[in-house]
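I have a fresh notebook page open and a model to walk through. Here is what I looked up, in the order I looked.

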Amino acid sequence: MKERATIICRRDDQVLYVRKQKSKWALPGGKIEQGETPHQAAIRELCEETGLVDQNLVFLAELEKDNVLHHIFLAVLATSAEPSPQNEIAACKWGAKVGDLKTSPATKSIVDSFAKPNSSMKCIN
């Protein structure tokens, strides 16, 4: 089974989505490299894909979907946080819900389960 670090980035009531060229929208994250913890992978992937650094990532849960074990982390970002596409990422987009975005079933499931728009989580920055 593959393992992946997946990050839900929240800013106010919105979630950050990223997309590779000609791909579906997804949450930032990626493969956990050999010798790396899921937390270390989440920090690395978030920086590599969005340029965001020094985020306080909080582990939320593990979710198995489509033969992938997702280690899910949350980053609550300041309103001033501005991610920008890096490396293989072609675009970043903020959205309140998955809605009509073309995403994988795993992304939809993670957002529906863990990224509640009206939760009490607030940015401390």
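My eye went to Gly-51 to begin with: just after helix 1, this glycine takes a positive phi of about 80°. Before going on, I noted that this is a predicted model, where local features need pLDDT of at least 70, side-chain atom pairs count only at pLDDT 80 or more, and totals for chains, interfaces and linings use all residues. Residues are numbered from 1 along each chain as its sequence is written, and side-chain values use heavy atoms, with hydrogens and water left out.

**Helix 1**

I checked the length of helix 1, which covers residues 38–50. Its 13 residues should span 18 Å at 1.5 Å a residue (the rule multiplies 1.5 Å by one less than the number of residues), and the end C-alpha atoms are indeed 18 Å apart, so the two agree. Helices here are DSSP runs of H or I with at least four residues, strands are runs of E with at least two, and both are numbered from the N terminus.

Next I asked which residues of helix 1 are buried. They are Ala-41, Ala-42, Glu-45, Leu-46, Glu-49 and Thr-50. They cover an arc of only 130° around the axis (taken from the directions from the helix axis to the C-beta atoms), which puts them on the same side of helix 1. I jotted down the reminder that an α-helix has 3.6 residues a turn, so residues three or four places apart point the same way. For burial I used under 20% relative accessible area as buried, over 50% as exposed and anything in between as partly exposed, with a 1.4 Å probe and protein chains only.

What covers that side? The cover of these buried residues includes strand 1 (2–11), strand 2 (14–20), strand 4 (29–31), strand 6 (68–76) and strand 7 (89–95). Contact means heavy atoms within 4.5 Å.

**The whole chain**

I counted two helices and seven strands, in the order β-β-β-β-α-β-β-β-α from the N terminus. Of the 125 residues, 42% are buried. Among contacts between residues at least 6 apart in sequence, 67% join residues at least 24 apart. The C-alpha trace spans about 35 × 30 × 30 Å along its principal axes.

**Cysteines**

How many disulfides does the structure hold? I found zero, taking a disulfide as a pair of cysteine sulfur atoms within 2.5 Å. The sulfur of Cys-9 has its closest cysteine sulfur in Cys-92, 9.2 Å away, which is too far for a bond. Cys-9 is buried at a relative accessible area of 0%, while Cys-92 is partly exposed at 24%.

**Two loop residues**

Leu-27 sits in the loop between strand 3 (25–26) and strand 4, and I wanted to know whether it is buried or exposed. Its relative accessibility is 2%, so Leu-27 counts as buried. Leaving out residues up to four places away in sequence, its contacts include Ile-7, Ile-8, Val-15, Leu-16, Ile-110 and Val-111. Tyr-17 is 10 residues from Leu-27 along the chain, and their C-alpha atoms are separated by 5.0 Å.

I closed with Thr-103, in the loop between strand 7 and helix 2 (105–114). Thr-103 is buried too, with a relative accessible area of 14%. Beyond its neighbours within four places in sequence, Thr-103 is in contact with Lys-24, Trp-25, Val-98 and Lys-108.
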